[in-house]
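Colleague: Got a minute to walk through this one with me? I'd like to talk strands first, then rings.

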Amino acid sequence: MKAISALNQLLILSNETLTILDLETLTLVRTLKFKSVTCFHLNENPLSEDPFTIEICAGSKKKVLFLHLTDEDVKLVKEFSTSLTPSTLVIDGAHICFAMGFKYCMLDILSGDFQQLFDIDPQQPPLIHRVSKGEFLLNGPGGLGVFVLSQGFSDKPPINFSSAIFALAFHHPYVIAVCGQGIGFYSIIDQQCKQTIAIDNVRSIVNGDGQVFASTQIDLFALLPISWETQFEKLLVENRMEEALELAKNAHISSKEREQHQRMLIDLEKKVSLQRFATARFSDAMEMFETCHIDPCEVISLYHNQSFSEKDIQRKASTFFVDFLRRWRIKNLTPDQKTAVDMALLKYLAENDQEGIELLNFIVDCHTEPNETCDCLKTYGQFHCLATYYTSKQKWEEAFCIWDRLIKNEIEDSHFVGYSHVAEQLMKCGDISLIWRFSGEILKRDEEVGAKIFTSEKLASFMPRAVIDYLRNYPRSLRIFLEFLVDKKNDEESVHTQLALMYIDDISCPGSHRNSPSHRMTTNKLRSLLRTSQKLELTKLLEVLNTPCFPHEHAIVCGRLGQHGAAINTFINLLQDFDAAEEYCACVDDPKAWNALLTACVTEVHNHMFDRVVDLLRRRSHQFDVSSALLCLPDSTRFNIIAPFVNFAIREALHERRMKLVEKGLQQMDNLSNKYELIRLKTETFSVRNSSYCCVCKKHFAATDGFVRYPNGVLTHAECATNRQICPLTGHLFKLDTQYNA
């Protein structure tokens, strides 16, 4: 039976007939005409908007009926045929869930769509209960309570009943099931049985407006729910935080208390997330940290105070903690939170970063107190990282003091990369006083690395002389610095000359091997400098090089001074190197040098070079002065030997003469053309119209005015033509100017 409060009536199913009684007097109102009714249910989510129209679904013989009941009559709205007679049914909105034979089915009364759900357990009676809008609870096979949506699928895990059940009811968030042991209360949150009340022979159970009633054959029991607040407090006392959280999330809260409840939920979520972390449920803890926006200071404090017994768990906890810090570091935190996160991460990296690379990258942009950062790095012996931190704060002196101690081995740090890094930082800082103070230790250990400090543009351009004086005790560094100055086009003769003298000293050093790669490289650098530099004190170098050790270099300097004869004599008479002499002449590209080479090679002493001379005349005929070259050759020279040279000389002379004649003819034609143009311009006539005006002052010409006419036809007054060679209108430049008077 079902009470219909809107109509003040009571609907009873008895002997397969629906009967309506008065709710107060229980007198018969009327009997409905439908027969063989097996079950019925009132629609608690009606489709009709009329509050006095009650929607009823009823199961009849191989039929499902949809009825409208009013105070006056009953109306059959729809009728659906089924293959078997429904044994029980429940309606919600436009959907009817019913049991038929050995199947649960779902029927859409609007579209008529029919859907089979799953089999009924033959050992238990079919039970269907409406849980919420669009959701039903069914007694499924295997003792499972299955939640089914009106669409035909489930979005909740099933409830595993402990024994066979005979009746169902629902009071959020509990499913109330009647079984042989009594009445069991199952939570839809975690699908666990929370309480069992031992009452024998319970026949039915119903939820009436928030109160649950259970009946036996002779008794009626009212089951009063304990408020969720009381349950919540009990769970907290028992430290069952997660169960308390799930209970609070699913509690029905009024709109007035919702804001306070939400704050309470957030606080509880934070406690649960910390509890998960403390119990090594790291992935669950991270997920909840994200949702509840945990204060990172609480996690940091818990991590430092929490101890795990197993090493594997300790390792996982450390990994989780670092991952947490890195995630929270990029969030929008308060300044205090950001400082706490960065400080915790700094301590971890300082203690555990084996390579030190991540720590170096981290300290550049960490948001920590400088004093705490320095103390932390000192505590864990991260001195190189500490120096790098000082450089990021522009505290160069403090940084170089630490690096200087590391170089001297006064302190140790396995992450220190060496004095080459310190040299790079000295170049970067550009502070002259710091360079004077801290470069000495680097120069003592490696002069080449130390020299790089002084090759920065700032230092070399402002005080090269001071650097040269400072590096006098470090010859290799001084040489590198002088090479840098020469490459940068320094115009001081003393710099270029000093570099050349250093090359000379290195080459003439008793310990140097003439065939070693370094010796050959230094020799080539010296010769290149002597050939190309325009800032050398050549006279001074000539005196220094006037030794048997430097014949080639001496010849180069002689050539730079214009003493080609002396240079050629050195190559030919001293070095016996014709190729070097030819190369020298090609470099200076002076006919006098070529003639000097020819003169030196045709002497009786060097008859063996005569064939080389003939070949040179053939290959480089254009380099020689012909008359001087022929006079240098001995009288015994056969003509057929020098015929190619003579033929070239004759062809060149004829070509030059003919080119001069052509040039003379062209100049004559140009002269005649200019004369013709001048005569044409002088004899040309033109007329000045009355409408003509000066293009400068815009005034018309008077008969008595003098005017100027430019070759392009532009007219101006004589006094307006400030420059007779430039047209005032177009700006064209003329070589001739002509003035006419009216």
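**Strands and rings**

Modeller: Sure. Bear in mind that this is a predicted model. A good place to start is β10 (residues 95–100) and β11 (residues 103–108), which run antiparallel and are joined by six bridges.

Colleague: Which residue stands opposite K103 in β11?

Modeller: That's M100.

Colleague: And what is the strand order in the open sheet of four strands?

Modeller: The order is β9-β10-β11-β12, and the pairing is antiparallel. β9 (86–92) and β12 (114–119) are at the edges; each has a single partner strand, so one side of each has no neighbour in the sheet.

Colleague: By how many degrees are neighbouring strands turned against each other?

Modeller: On average 20 degrees, with direction ignored.

Colleague: OK, new topic. Where does H129 lie?

Modeller: H129 is in strand β13, which covers residues 128–132. A polar atom of the H129 side chain lies 3.4 Å from the backbone nitrogen of F170.

Colleague: Which residues does H129 touch, not counting those up to four places away in sequence?

Modeller: V90, F136, L137, L168, A169 and F170. So F170 turns up both in that contact list and, through its backbone nitrogen, in the 3.4 Å pair.

Colleague: Rings now. How many aromatic pairs does a search of the whole structure find?

Modeller: It finds 20. One of them is F454 with Y470, a tilted pair at 5.8 Å centre to centre, with 50 degrees between the planes.

Colleague: Where do F454 and Y470 sit in the chain?

Modeller: F454 is in the loop between α14 (447–453) and α15 (457–462), while Y470 belongs to helix α16 (residues 464–470). They are 16 residues apart, and the pair links distant parts of the chain.

Colleague: Is F454 buried or exposed?

Modeller: Buried, because its relative accessibility is 0%. Y470 has 25%, so that one counts as partly exposed.

Colleague: Which residues form the aromatic cluster with W328?

Modeller: F277, F282, F289, F320 and F324 join W328 in one cluster. W328 also has a charge over its ring: the charged end of K331 sits 4.9 Å from the ring centre.

Colleague: And what lies over the face of F147?

Modeller: K156 does, at 5.7 Å from the ring centre.

Terms used:
Residues are numbered from 1 along each chain as its sequence is written. This is a predicted model: local features need pLDDT of at least 70, side-chain atom pairs count only at pLDDT 80 or more; totals for chains, interfaces and linings use all residues. Side-chain values use heavy atoms; hydrogens and water are left out. Two strands pair if DSSP finds at least two bridges between them. Helices (H or I, at least four residues) and strands (E, at least two) are DSSP runs, numbered from the N terminus. Axes are lines fitted to C-alpha atoms, for helices over the stretch in contact, and angles run from 0 to 180 degrees between N-to-C directions. A polar contact is a pair of N or O atoms within 3.5 Å; within protein, one must be able to donate a hydrogen and the other to accept it, and residues adjacent in sequence count only if both atoms are side-chain atoms. Contact means heavy atoms within 4.5 Å. Rings of Phe, Tyr and Trp (its six-membered ring) pair if their centres lie within 6.5 Å; planes under 30 degrees apart count as stacked, over 60 as edge-to-face and the rest as tilted. Buried means under 20% relative accessible area, exposed over 50%, partly exposed in between (1.4 Å probe, protein chains only). A charge sits over a ring if NZ of Lys or CZ of Arg is within 6 Å of the ring centre and within 35 degrees of the ring normal.
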